[in-house]
Structures are given as C-alpha cells and as structure tokens.
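Hi,

Here is the structure for you to look over. My notes follow below it.

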Amino acid sequence: MPHILIVEDETIIRSALRRLLERNQYQVSEAGSVQEAQERFSIPTFDLIVSDLRLPGAPGTELIKLGQGTPVLIMTSYASLRSAVDSMKMGAVDYIAKPFDHDEMLQAVARILRDRQSAPVVGEPVVGKASTGAAKPGIDNSNGEIGIIGSCPPMQDLYSKIRKVAPTDSNVLIQGESGTGKELVARALHNLSKRAKAPMISVNCAAIPESLIESELFGHEKGAFTGASAGRAGLVEAADGGTLFLDEIGELPLEAQARLLRVLQEGEIRRVGSVQSQKVDVRLIAATHRDLKSLAKIGQFREDLYYRLHVIALKLPALRERGADVNEIANAFLARQSARVNRTDLKFAPDAEQAIRHYSWPGNVRELENAVERAVILCESPEISAELLGIDIELSDLEDDDFIGLPPQQGTAAGNNSHEPTEDLSLEDYFQHFVLEHQDHMTETELARKLGVSRKCLWERRQRLGIPRRKTGVASES
C-alpha cells in the first residue's frame, strides 16, 4: 500500500485530504509544517509527499530537497499560481490548485505513483496530469498510450492523428464541445512528444479575468502596475522546453492574442512593463468549442493568429456521436465510483443501459460522469435504473452538482417583484434569471460564488444559454 505524507497547516484541509486518500486505499501520515515532518518522519521513505506551498516556517518546496527523490505534489491557491509553477522548476513533480476537486486529486496521486513505479525512459509516454483547470472528464487509460476510452471509428481516426502529430513541434488546435475531453487529447499529445519530461502548463483562458490574463501568461516586471511589488515569470515562460495548453483560446483578449502571436512567430516573450525580450521554446496546443474562423471574420479573433494555430486541427466528436463508446465510458465511471463507496454489487439495469446509449448527452462526458456519480451515491439496490441516472428529465443538460447550495428563492433584487422567481422555475430559467438580474452590480467572481459554481462553469453556462457578459458597469476584478 503506497505511503503518502501530507504537509498542510490548515487542519480542516489536512483531515479532509487524509480521509479522501485513506478511503482510496492509501496509507497516510500528516504534519503541519516542514519542521514537524522532519522531526516525526524519515521523509525519503514515503512514496509521495503532498504539501501546501505556503507553510509556517519553511515553504513546501523545501520537501523537494528533503525527500531525496520522493515526488512532491504542491498544493496552491489561485493567487499563488505562478509560485507553484516556480516550484515545478525547483523539482516538484506537479501542482494542483486549491480548492481541488476530489477526482482531480486522486487522478494526480495515482498518476504520480504509477509514473514512479514504471520510471519510463525519455520519450516513453505516461498518461494523465493534474492541472489548474476544473474537474476533468478523464478516466483510466484503456487505449494504450493515448489514455482515452473508446474505440468508435471517429475516435480511432483521432488516435491515429494524435500518434502522427505528437512527435512533431507543430501547433495544434483541438476543436470540440465543452465536456468532450479536449484536455485529455492535449495531454496525450504532450506525453507522446519529445517534450514529455518537461512541464505541460494548462491555462483556461475563460477562467482568468481580462485585467490579469497578460500578466499571468507573459509575466510582469516590478512596478509594471499597481500591486506589482516584485517581478514574476508568466505561464508561457514556465512552459519553456515543454507544452503550453490554452483551453478556450477563443476567450483570449485581442491584446493578449498579439503577444501570443509574437511567441509563435519569434519564439520570444516580453514581460508586462519590460523593454527586453527573452527567448522561449514552447509548443502550443490550443482548444476551443467556438468557430475561430468565423470570429476572425468579424474581428473578434486575430486572423493571423488563427492561421498560426491551425497548422494541425483535431476534431473531438461529441459523446452522442460515439455510438457504443458511451456505454463503455459509463461502465468505467461506474467501476471507479463503486470503488470509492466500497460497493461491488452495482450494475446498470437494462433500461439504464438503453437510456445511456440513446440520450443526447448535451454536457458530454462531464455530464455522464456526474450522472453516474449521483446514481452510485443514491442507489439502494444492486441495479441502477434510468430514473436514478436522471437523464430522462427535460432539463437534464443542467448538471445539478453545479448548483449545490443554491437557495430555491435566492436572486431577486430588493424591491423588484417583476422578476420574482416562482416555485416552478427550472434550474435553467433560474440561472438565467439570476445572472441577468445581478450582473450589472456583481463581478463574475461574485456571481459564481452566489450561484455556488466555479467561474469556468459560469462561463460555460453563459455560452450554452446565450447570455453575453457585460463589459461595463461592474467594478474591475483585479
């Protein structure tokens, strides 16, 4: 049984992480600081160290040296994301943003331990990697080095292209609906490339406020703007020698697009506030669910950048287009969720298998994963019915898990009864009502917090429901 050391000064987080790992058959020890870990344990004897970046006394990166080769997974808040990237340069095996998704943490831990056991030689691929994005629709590897479940003809064609494209340094544009697993394709391209041992930095362009995106990507010099008390490297610089994955690149502001174009054309970056450029060696993989060519025609996306990105285009089919793959993926999710709750008797009833196969799955793999997880938690008999999956209701394209904690009557501005929600208001209608009612005086972060969703989820719902984001009337989120 792998032995994991958790170093985290916040007791609640440390205890929750310990319970999560112990439920998944890991042996766990814990400490509140680097000093305590040194005093209580022989650090190199652990199989993995999971540590917060900011700790009382020495930072979590000290454990990289103390571990003497033991892999260190760094946990960090979004505010210190770039510091986490710096920790990877110091030797951390990976980083994960807090608050982390449970599945994301478990996938990261399993991958790191698997990589340590296999110890592949340079160029030998490994599958999976945690990142700063939202919960991934990825599942266990069943397709060799590609790491994606499914064998329908469109996916077989995709696998063939991935194997051909991965060894090159060509830019790649991955197209597909939200929730189809575009990041899995990006990771397969990275893991099968000659850059596999270098970092793959994943950035969701829709999840970073416009006022911060250039600084996050390209870095800044001290004094470049208010609050820039020290110079910082950007995420492009952190990916030097490796792969930069820009998810939802269609949301990148035009100013940042111009800087990115310079990276692709000249192989160099210039930090915000700097007059000097520096060389970088980065392979770019981008993903989007939008039609970038159409956006370029109306001036919302740079045409020259589009053609730079469109060297190789990979189309990821929607789940409804993958035939019997959907049942194979559902069974993989069922096996994983059953293991989490220590049940071995669960299976899909015939009506559930039929429903899974014929439902349109507008939320794609992510929606399927949520449906299976809910069914496993709620199921009291060995068979999971179609009703328990909840995919026969009219509004099932809205994932209920995204609305945890949403009060049924919250969201009406005081004194305005003309838009008062009724008890019959659906989740879809309620979401639209709340956003339209409050977006003039709330930032995107505040809206997401009130709705109980992530900024990325809020952005995806806006796209699906056609609710444009207001550009004025709200205080800057910087």
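Which residues are buried in helix 8 (residues 210–218)? They are Ile213, Ser215, Glu216, Leu217 and Phe218. Buried means under 20% relative accessible area, with a 1.4 Å probe and protein chains only. Gly219 follows helix 8, and its phi is positive, near 80°.

Some ground rules. This is a predicted model: local features need pLDDT of at least 70, side-chain atom pairs count only at pLDDT 80 or more, and totals for chains, interfaces and linings use all residues. Residues are numbered from 1 along each chain as its sequence is written, and side-chain values use heavy atoms, leaving out hydrogens and water. Helices (H or I, at least four residues) and strands (E, at least two) are DSSP runs, numbered from the N terminus.

Now the open sheet. It has 5 strands in the order 7-8-11-6-12, with parallel pairing. Two strands pair if DSSP finds at least two bridges between them. Strand 7 (200–204) and strand 12 (312–315) are the edges, each pairing on one side only. The twist averages 20° from one strand to the next. Angles run from 0 to 180 degrees between N-to-C directions, with axes fitted to C-alpha atoms, for helices over the stretch in contact.

Helix 7 (residues 182–191) packs on this sheet and touches strands 6, 7, 8, 11 and 12. Contact means heavy atoms within 4.5 Å. The direction of helix 7 makes about 150° with that of strand 6 (172–175).

Last, strand 3 (residues 48–52). 5 of its 5 residues are buried, so strand 3 is largely enclosed by the rest of the structure. Leu48, Val50 and Asp52 point one way, Ile49 and Ser51 the other.

Best wishes

Conventions. Buried < 20%, exposed > 50% of the residue type's maximum accessible area, 1.4 Å probe, protein only.
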